[in-house]
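Visitor: I have a structure open here and no idea where to start. Can you walk me through it?
Guide: Put it up and ask as you go.

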Amino acid sequence: MQETTTAIQAEAYYRHLGGDLYESTRHAQGAWNDHEQHMAPVTGLMVRALERFQPREGMRLTRFNFDIFGLIPAGAFSIETTVLRPGRTIELLQAALIAGGRIAVRVTAWRMLTVDTGAVAAVEDEPFPSLEESETWHGLNVWPGGFIASLEGRTVDGHRPGRGRAWLRTPHGMVDGEPTSALVRLLGLVDSANGIAARVPPGAGSYMFPNVDLSVHVYREPEGEWLGLDTKVTFAGDGIGLTSSVLHDVKGSFGHSEQILTVRPIPHAR
């Protein structure tokens, strides 16, 4: 007899419970607390909700501003999506992840009309080492949690604390039983940037540096399964930090991301 797939057994990051309801699996588990979700798959799922919300031919999603209001609980939650500013050539959408009766994450996203501007197309981002120039990397394994364990990583020479270049991929879909678009798959990895070149190691006696937001600008529709992160991490002297990344797929750069950080000491273990 075939076993019923449960949230713990599911191979995707989420189960769709019907309507706007979802349930996280072990693969979505965060790195700071066992009972929270990692922001990376949350990002992917919310992008999926925006991508599917009243789609319009000839328009695409280009900018996402996520605000994280606190711990994102594991388990069941809903995503509510709406139009904030309708328009013929640009429109502003919003999605909110609601868990335990409160908003845990909110995102606003611009959807914009596309036209042929190939005659003036140009990119100024620095070239990024190809997959063939990279090697297997297990550096993310310093972080706990189911999401980090779900990733495959590759990196190149020169990777160091505060400055890193890495390729990431996941074998898991975003929602159980359905295909995952390249936009959802790759943006569902972007929040990992804050951990690929950490300035300080995690753990007692060190510092925590969770991000309270994630801003992603996508100037080209991404392709494939591999996300390349060209990342710099800055810590100011007053408890604030910033993780900045140029985003790449196998064809080149396609966007940028920024994460503002709250940097706080972690007490020594007793």
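Visitor: What does V105 touch, leaving out residues up to four places away in sequence?
Guide: This is a predicted model, and in it V105 touches M39, V42, M46, F66, D67, F69, I72, A95, A96 and L97.

Visitor: Which residues have the most contacts inside the largest nonpolar core?
Guide: They are M46, F64, F66, L97, V105 and L187, in a core of 61 residues. Helix α1, residues 39-52, gives the most to this core, with eight residues.

Visitor: Any general reason for a core like that?
Guide: Nonpolar side chains tend to be buried together in soluble globular proteins.

Visitor: Back to α1. How many of its residues are buried?
Guide: Twelve of its 14 residues are buried, so α1 is largely enclosed by the rest of the structure. The buried ones are M39, A40, P41, V42, T43, G44, L45, M46, V47, R48, A49 and L50.

Visitor: And what span should α1 have?
Guide: At 1.5 Å a residue, its 14 residues should span 20 Å, and the end C-alpha atoms are 20 Å apart, which agrees.

Visitor: What follows α1?
Guide: Q54 follows α1, and its phi is positive, near 45°.

Visitor: New topic: aromatic pairs. How many?
Guide: The count is seven aromatic pairs. In one of them, the ring centres of Y14 and F77 are 5.7 Å apart and the planes are at 85°; an angle over 60 degrees counts as edge-to-face, so this pair is edge-to-face.

Visitor: Where do Y14 and F77 sit in the chain?
Guide: Y14 is in strand β1 (residues 14-18) and F77 is in strand β4 (residues 76-85). They are 63 residues apart, so the pair links distant parts of the chain.

Visitor: Are those two buried or exposed?
Guide: Y14 and F77 are both buried. Ring pairs also link Y14, Y22 and F77 into a cluster.

Visitor: You listed F64 and F66 earlier. What kind of aromatic pair do they form?
Guide: F64 and F66 form a stacked pair, with 6.4 Å from centre to centre and 20° between the planes. Both F64 and F66 are buried.

Visitor: OK, salt bridges. How many?
Guide: The count is ten salt bridges. One of them joins R56 and E91, whose closest N and O atoms are 2.9 Å apart.

Visitor: Why does that pair tie together parts that are apart in sequence?
Guide: R56 lies in the loop between α1 and β3 (59-68), while E91 is in strand β5 (residues 90-99), so the pair ties together parts 35 residues apart in sequence.

Visitor: Is R56 buried or partly exposed, and what about E91?
Guide: R56 has a relative accessible area of 31%, so R56 is partly exposed. E91 has 5%, so E91 is buried.

Visitor: Which residue forms a salt bridge with E152?
Guide: R169 does, with the closest N and O atoms 2.9 Å apart. E152 is in strand β8 (residues 152-155) and R169 in strand β9 (residues 163-169), 17 residues apart. E152 is partly exposed, at a relative accessible area of 34%. R169 also counts as partly exposed, at 25%.

Visitor: And which residue does R220 bridge to?
Guide: R220 forms a salt bridge with D249, the closest N and O atoms being 2.8 Å apart. R220 is in the loop between β11 (213-218) and β12 (227-235), and D249 is in strand β13 (residues 240-249), 29 residues apart. R220 is partly exposed, with a relative accessible area of 23%, whereas D249 is buried, with 2%.

Visitor: Which residues are joined into one network by salt bridges?
Guide: R48, R52 and E178, through salt bridges that share partners.

Visitor: Switching again: where is L113?
Guide: L113 is in strand β6 (residues 102-113). At 41% relative accessibility, L113 counts as partly exposed. Leaving out residues up to four places away in sequence, L113 touches G58, M59 and T89. The C-alpha atoms of L113 and R88 are separated by 8.0 Å, with their positions 25 residues apart along the chain.

Visitor: Last thing: what pLDDT does the protein average?
Guide: The average is 93, and 96% of the residues score at least 70. Over residues 1-10, pLDDT stays under 50, and the model has 16 contacts for them beyond four places in sequence.

Terms used:
Residues numbered from 1 in each chain as written. Predicted model: local features only at pLDDT ≥ 70, side-chain atom pairs only at ≥ 80, totals over all residues. Heavy atoms only, no water. pLDDT = per-residue confidence, 0-100. Contact = heavy atoms within 4.5 Å. Core = buried A, V, L, I, M, F, W, Y, C linked by side-chain atoms within 4.5 Å. Buried < 20%, exposed > 50% of the residue type's maximum accessible area, 1.4 Å probe, protein only. Helix = DSSP H or I, 4+ residues; strand = E, 2+ residues; numbered from the N terminus. Phe/Tyr/Trp six-rings, centres within 6.5 Å; stacked < 30°, edge-to-face > 60°. Expected span 1.5 Å × (residues − 1). Salt bridge = Lys/Arg side-chain N within 4 Å of Asp/Glu carboxyl O.
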